[in-house]
Amino acid sequence: TICRKWQKLQRRKGMDSDILVVFRSRVQTMDFIYRCQTLGISATSMSTPRQINIGCGLSARIHEGYYTKVKMLLQYNRYSAFVGIYKMTYNIPKRIY
């Protein structure tokens, strides 16, 4: 009730705790999402925000709680088109890895 209203308010303000994993290749983005899902990490595709202005236009959206698993997965698979991990704060992307 109150908690759900607070969560909705946070999402409207762009304060939800999701990270974006950005690649230069759509194929690698989709492969990364598939690998995340096979490991039980909830990952979806979304358009890369204009402010980032790099990549193929498609990013993987993942809850911030999976950050360490995501980093390990990226290091293990060594994606050649990997650009970085970004956290959206008030609709302003900030690179965190």
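**Exercise 1. Classify the two cysteines Cys56 and Cys36 by burial, then state the disulfide count.**

Step 1. Cys56 has a relative accessibility of 18% and counts as buried, a class defined as under 20% relative accessible area, with a 1.4 Å probe and protein chains only. Step 2. Cys36 is also buried, its relative accessible area being 0%. Step 3. A disulfide is taken as a pair of cysteine sulfur atoms within 2.5 Å; by this rule there are 0 disulfides.

The model is predicted: local features need pLDDT of at least 70, side-chain atom pairs count only at pLDDT 80 or more, and totals for chains, interfaces and linings use all residues. Residues are numbered from 1 along each chain as its sequence is written, and side-chain values use heavy atoms, without hydrogens and water.

**Exercise 2. Describe the surroundings of Gln28.**

Step 1. Gln28 belongs to helix α2, residues 26–38 (a DSSP run of H or I, at least four residues; strands are E runs of at least two, and numbering starts at the N terminus). Step 2. With a relative accessible area of 17%, Gln28 is buried. Step 3. Beyond residues up to four places away in sequence, Gln28 touches Phe23, Tyr79, Ser80, Ala81 and Phe82 (contact: heavy atoms within 4.5 Å).

**Exercise 3. Identify the members of the largest nonpolar core that touch the most other members.**

Step 1. Such a core is a set of buried Ala, Val, Leu, Ile, Met, Phe, Trp, Tyr and Cys residues joined through side-chain atoms within 4.5 Å. Step 2. Among its 16 residues, Val21, Phe32, Ile62 and Leu74 touch the most other members. Step 3. At least two core residues come from each of β1 (18–23), α2, β3 (58–63), α3 (67–77) and β4 (82–89).

Methods. Buried < 20%, exposed > 50% of the residue type's maximum accessible area, 1.4 Å probe, protein only.
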